[in-house]
Amino acid sequence: MTRYELSGRTVVLTGSTGGLGAALATELHARGANLALLDLHAEAVQDQATSFGPDSVARAWTVDVRDLTSIQTAVDEAAEHFGRIDVVIANAGVGSMASIETLDPTAFERVVDINLTGVWRTFRAAVPHVKRQRGYLLGISSMAAFVHSPLNGPYVASKAGVWALADATRLELRHHGVDVGSAHPTFFETPMMDDVHADPAGRRLWGGNTSGLWKMIPLDEVVATIVDGIERRKPLIVAPKSNSLFARIPGLVRPIVDRIGFRGNTIPEVAALASETGWISSRRD
């Protein structure tokens, strides 16, 4: 397969100042990509963009992924500024640590709204631009999409949702030459993991993530695996790669369904027929 070289391409990255976002931005810049950096923290994202050089190379937008208008405006401006958008990485995410009985309902809604609906909004805003370049969309999920842990209900649900959303979006866009993937790293060092280890419940549940199934891997390994996956336009990116079997077992049926379940022009024909409201009927049972 011909490698999808990133040099000269424009990459949109949400959550760009977080642990993984910042590391991805640095590696993408090193590979010659132009960066549209989208983050909630205005001063931090502006400083980040400036650190990479002139705005012809990197430019910052203050964005809340919970607001479609906020994302749409930034993505449209990025496309105009750089003249193209080739790759979009929906990376913004948050976590929580509480049981279903004790978790504040607003915390559940916030996690899902950022981690899952935020990915949907990012993809939605970017699709017209990425279609023009026959580009690539990537949602940052987690091994939590496949291995569901207690006290992490909204997090594991949202990350499983990102995996499913990426699969559905891939089917919708494949006839446009657009590839869509989801990335599934295991535990690695980030400010989010610092919060987990500072929390008594998190320390007890994961044992500090120093050994066994829950051992953390280096951030550099996660970044290298994700960027390699982008350059290969992979549908599923797993870090470490030794976890691939765990990730692929739940999805063994999907490639078969992709090939035989939606033949020919079925998907674009259905998309043309579908109502913008998303409902089959206005009738409520």
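Which side chains does a polar contact of 2.7 Å join? Those of His 184 and Ser 182, and they appear in the second view below.

**View 1. The whole chain is a predicted model with 11 helices and 7 strands.** Local features here need pLDDT of at least 70, side-chain atom pairs count only at pLDDT 80 or more, and totals for chains, interfaces and linings use all residues. Residues are numbered from 1 along each chain as its sequence is written, and side-chain values use heavy atoms, with hydrogens and water left out. Helices (H or I, at least four residues) and strands (E, at least two) are DSSP runs, numbered from the N terminus. Of the 285 residues, 47% count as buried, where buried means under 20% relative accessible area, exposed means over 50%, and partly exposed lies in between (1.4 Å probe, protein chains only). Contact means heavy atoms within 4.5 Å. Among contacts between residues at least 6 apart in sequence, 68% join residues at least 24 apart.

**View 2. His 184 sits in strand S6, which covers residues 179-185.** With 1% relative accessibility, His 184 counts as buried. Its side chain and that of Ser 182 are joined by the polar contact of 2.7 Å. A polar contact is a pair of N or O atoms within 3.5 Å; within protein, one must be able to donate a hydrogen and the other to accept it, and residues adjacent in sequence count only if both atoms are side-chain atoms. Leaving out residues up to four places away in sequence, His 184 touches several others, among them Ser 141, Met 143, Phe 146, Trp 163 and Val 238. Take Trp 163 as an example: 21 residues separate Trp 163 from His 184 in sequence, and their C-alpha atoms are 8.6 Å apart in space.

**View 3. Helix H3 (residues 68-82) and helix H4 (residues 105-133) cross at roughly 35°.** Their axes come within 9 Å. Axes are lines fitted to C-alpha atoms, for helices over the stretch in contact, and angles run from 0 to 180 degrees between N-to-C directions. The crossing of H3 and H4 is right-handed: a crossing is right-handed if the near helix is turned clockwise from the far one by less than a right angle, and left-handed if anticlockwise. Where the two helices meet, H3 brings residues including Leu 68, Ile 71 and Val 75, while H4 brings residues including Gly 118, Arg 121 and Ala 125. By class, this contact has 6 nonpolar, 4 polar and 3 charged residues. Here Ala, Val, Leu, Ile, Met, Phe, Trp, Tyr, Cys and Pro count as nonpolar, Asp, Glu, Lys and Arg as charged, and the others, Gly among them, as polar.

**View 4. Helix H1 (residues 19-30) and helix H8 (residues 219-231) cross at roughly 60°.** The axes of H1 and H8 come within 10 Å, and their crossing is right-handed. The two helices are therefore oblique to each other; angles under 35 degrees count as roughly parallel, over 145 as roughly antiparallel, 65 to 115 as roughly perpendicular and the rest as oblique. From H1, Gly 19, Leu 20, Ala 23, Leu 24, Glu 27 and Leu 28 meet Leu 219, Val 222, Val 223, Ile 226 and Val 227 in H8. Sorted by class, that contact has 9 nonpolar, 1 polar and 1 charged residues.

**View 5. Asn 152 and Ser 158 each make a side-chain polar contact.** Look for Asn 152 in the loop between strand S5 (136-140) and helix H5 (153-173). At 9% relative accessibility, Asn 152 counts as buried, and a polar contact of 3.4 Å links its side chain to that of Ser 149. Ser 158 lies in helix H5 and is buried at 0% relative accessibility. The side chain of Ser 158 makes its polar contact with the side chain of Asn 115 (3.3 Å).

**View 6. Three spots with backbone geometry to look for are Asn 209, Arg 233 and the bond between Ala 239 and Pro 240.** Most residues other than glycine have a negative phi, and most peptide bonds are trans. Asn 209 is not a glycine, yet has a positive phi of about 55°; this residue is in the loop between helix H7 (200-206) and H8. Arg 233, in the loop between H8 and S7, has a positive phi of about 50°. A cis peptide bond joins Ala 239 and Pro 240, with omega about 0°.
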